[in-house]
Amino acid sequence: MTLDAQKMQKTIHTLLTPGKGILAADESSGTIKKRFASIALESTEESRRDYRDMLLTTQGYQNFISGVILYDETVDQKSRKGPTFSETIAARGVIPGIKTDEGKEEHPFWNPQSLTRGLNGLGKRLKEYTDRSNGTLGFTKWRQVILVDPTPSVSFLDYAMHIMAEQAAWSQSEGYVPICEPEILMDGSHALDQCASVTSRTLEMLYTCMEAQQVDPALTILKTNMVLSGKETKKDAPEDVGTATLKAFQASLPSSMPGIVFLSGGQSSVQATENLNACALQAKKVKAPWILTFSYGRALQDDALKTWGGKNENVAAAQEAFLKRARLNGLAQRGEYAKTME
Ligand code: 5MM
């Protein structure tokens with residue numbers, strides 16, 4: 001085994017530690033601006049620094065968080081105490097990673113489906129990230145969003161998943177574990193089984209494209225959605241989510257792939273924890289070969305963001321809110337969460 005492969009295996013082992021999950025703190029400039037607008041805070045380099053500092057200096061978060069996804073700016077941004085955020089994270093035994101995609105673009109004929117961009121010069125960019133993070137980064141993350149309605153065509157899925165597989169190839173060639181994130185969006189009024197069908201078609205396509213590009217599935221992590229009904233319809237029972245999600249995975253994923261980390265996708269914080277717990281229980285029941293855990297953005301941060309409100313005096317309370325969500329999701333990863341713990 002090459003040194004890079006050994007490094008990637010070690011990264012995967014740490015990221016998928018039972019009882020832990022990943023914090024997605026990779027909001028691009030446009031997204032963080034929207035999040036801050038919800039607390040009437042202007043997005044500046046300083047306010048973004050203060051917010052990430054609040055999250056990433058929370059005492060004990062490493063007991064429930066194994067990795068943190070960062071955005072370009074945050075990688076070598078200095079935390080309040082001096083070291084860069086990558087170094088601050090790594091010093092706690094948590095693995096920092098980097099979002100490599102550069103957002104979505106319209107396609108002239110596939111609209112409203114869109115394509116994720118960012119492959120140009122990626123090999124060079126990854127080498128720069130190694131330097132900028134002082135070698136602390138362990139993984140990359142690339143997200144492609146997919147609408148259930150209109151039904152994605154085979155050609156669209158094939159093209160989008162080939163792009164994602166190419167990003168995975170570049171990542172592995174630089175010793176980074178690619179976290180591949182096809183996100184089937186909750187937008188719309190589709191039924192649970194429509195989401196299930198698009199999810200399994202997409203995942204099957206992704207791993208076929210990886211094979212075509214010689215990506216080793218055993219050195220990847222999948223970040224994807226749970227199978228859910230559209231957000232304009234009913235709220236699904238957690239047991240139905242667990243059953244449908246594991247069924248979709250069993251129909252489409254290779255058993256050599258080590259783990260799946262869920263995005264929250266617009267579920268409420270509590271709903272995301274409840275559904276993760278249901279997926280964990282179902283995974284045990286069907287003896288799934290993968291580790292399942294969380295890689296939430298909004299479902300880990302929303303309560304903390306609201307509590308913080310951009311004010312220094314609220315830092316301790318906001319950190320407590322963040323730690324609570326991390327801890328409860330850690331329990332849900334083991335299937336040991338109950339709503340009464342809220
Ligand atoms: C934190 O949000 C991430 C960045 O999104 P943009 O590129 O749109 O700014 C996003 O990729 C995130 O990692 C995943 O969607 C998971 O976040 P949620 O909020 O769905 O759990």
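**Exercise 1. Two exposed loop residues**

Lys287 is exposed, at a relative accessible area of 71%. The model is a predicted one.

Task: State where Lys287 lies and which backbone angle sets this residue apart from a usual non-glycine residue, then treat Gln214 in the same way.

Solution.
Step 1. Place Lys287: this residue belongs to the loop between helix 10 and strand 10 (291-296).
Step 2. Read the backbone angle: phi of Lys287 is positive, about 55 degrees, although the residue is not a glycine.
Step 3. Recall the general rule: most residues other than glycine have a negative phi.
Step 4. Turn to Gln214, in the loop between helix 8 (192-212) and strand 8 (221-224). Its phi is positive as well, about 60 degrees, and Gln214 is not a glycine.
Step 5. Classify Gln214: the cut-off for exposed is over 50% relative accessible area, and Gln214 has 75%, so Gln214 is exposed.

**Exercise 2. Cis peptide bonds**

Task: Which residues does the cis peptide bond with omega of about 10 degrees join, and which residues are joined by the one with omega of about 5 degrees?

Solution.
Step 1. Start from the general rule that most peptide bonds are trans.
Step 2. The bond with omega of about 10 degrees joins Asn111 and Pro112. Pro112 sits in the loop between strand 4 (104-106) and strand 5 (114-116).
Step 3. The bond with omega of about 5 degrees joins Asp149 and Pro150. Pro150 sits in the loop between strand 6 and helix 7 (154-173).

**Exercise 3. The surroundings of Asp101**

Task: Is Asp101 buried or exposed, and which backbone nitrogen does its side chain reach at 2.9 Å?

Solution.
Step 1. Locate the residue: Asp101 is in the loop between strand 3 (95-99) and strand 4.
Step 2. Apply the cut-off: buried means under 20% relative accessible area. Asp101 has 10% relative accessibility and therefore counts as buried.
Step 3. Look for polar partners. The Asp101 side chain reaches the backbone nitrogen of Arg143 at 2.9 Å. A polar atom of that side chain also lies 3.2 Å from the backbone nitrogen of Gly103.
Step 4. List the contacts, leaving out residues up to four places away in sequence: Asp101 touches Thr116, Arg117, Lys141, Trp142 and Arg143.
Step 5. Add a distance along the chain and in space: Asp101 and Tyr71 are 30 residues apart in sequence, with C-alpha atoms separated by 9.7 Å.

**Exercise 4. Three buried residues**

Task: For Leu122, Ser133 and Asn275, give the location, the accessibility and the contacts.

Solution.
Step 1. Leu122 is part of helix 6 (residues 122-132). Its relative accessibility is 1%, so Leu122 counts as buried. Beyond residues up to four places away in sequence, Leu122 touches Thr100, Gln167 and Trp170. From Leu122 to Asp101 the C-alpha distance is 9.3 Å, with their positions 21 residues apart in sequence.
Step 2. Ser133 follows in the loop between helix 6 and strand 6. At 1% relative accessibility, Ser133 is counted as buried too. Its side chain reaches the backbone oxygen of Tyr129 at 2.9 Å. With neighbours within four places in sequence set aside, Ser133 contacts Val75 and Ser86.
Step 3. Asn275 belongs to helix 10 (residues 269-285). Asn275 has 2% relative accessibility and so counts as buried. Outside the stretch of four places on either side, Asn275 touches Met226, Leu228, Pro238, Val241 and Gln267.

**Exercise 5. The ligand**

Task: Where does the ligand sit, and which residues come nearest to the ligand?

Solution.
Step 1. Find the site: the ligand occupies the largest pocket.
Step 2. Count the shell: 17 residues surround the ligand, and Ser28, Thr31, Lys99, Lys141 and Ser264 come nearest.
Step 3. Assign strands: strand 6 (139-146) and strand 7 (177-184) each supply at least two residues of this shell.
Step 4. Give the polar distances. A side-chain N or O atom of Ser264 is 2.5 Å from an oxygen atom of the ligand. For Gly265, a backbone N or O atom lies 2.8 Å from a ligand oxygen atom. For Glu181, a polar side-chain atom lies 3.2 Å from an oxygen atom of the ligand.
Step 5. Finish with the cover: on its own the ligand has 500 Å² of accessible area, and the protein covers 92% of this.

Notes. Residues numbered from 1 in each chain as written. Predicted model: local features only at pLDDT ≥ 70, side-chain atom pairs only at ≥ 80, totals over all residues. Heavy atoms only, no water. Helix = DSSP H or I, 4+ residues; strand = E, 2+ residues; numbered from the N terminus. Buried < 20%, exposed > 50% of the residue type's maximum accessible area, 1.4 Å probe, protein only. Contact = heavy atoms within 4.5 Å. Polar contact = N/O pair within 3.5 Å; in protein donor to acceptor, adjacent residues only side chain to side chain. Areas by Shrake-Rupley, 256 points an atom, 1.4 Å probe, with all protein chains shown as cover.
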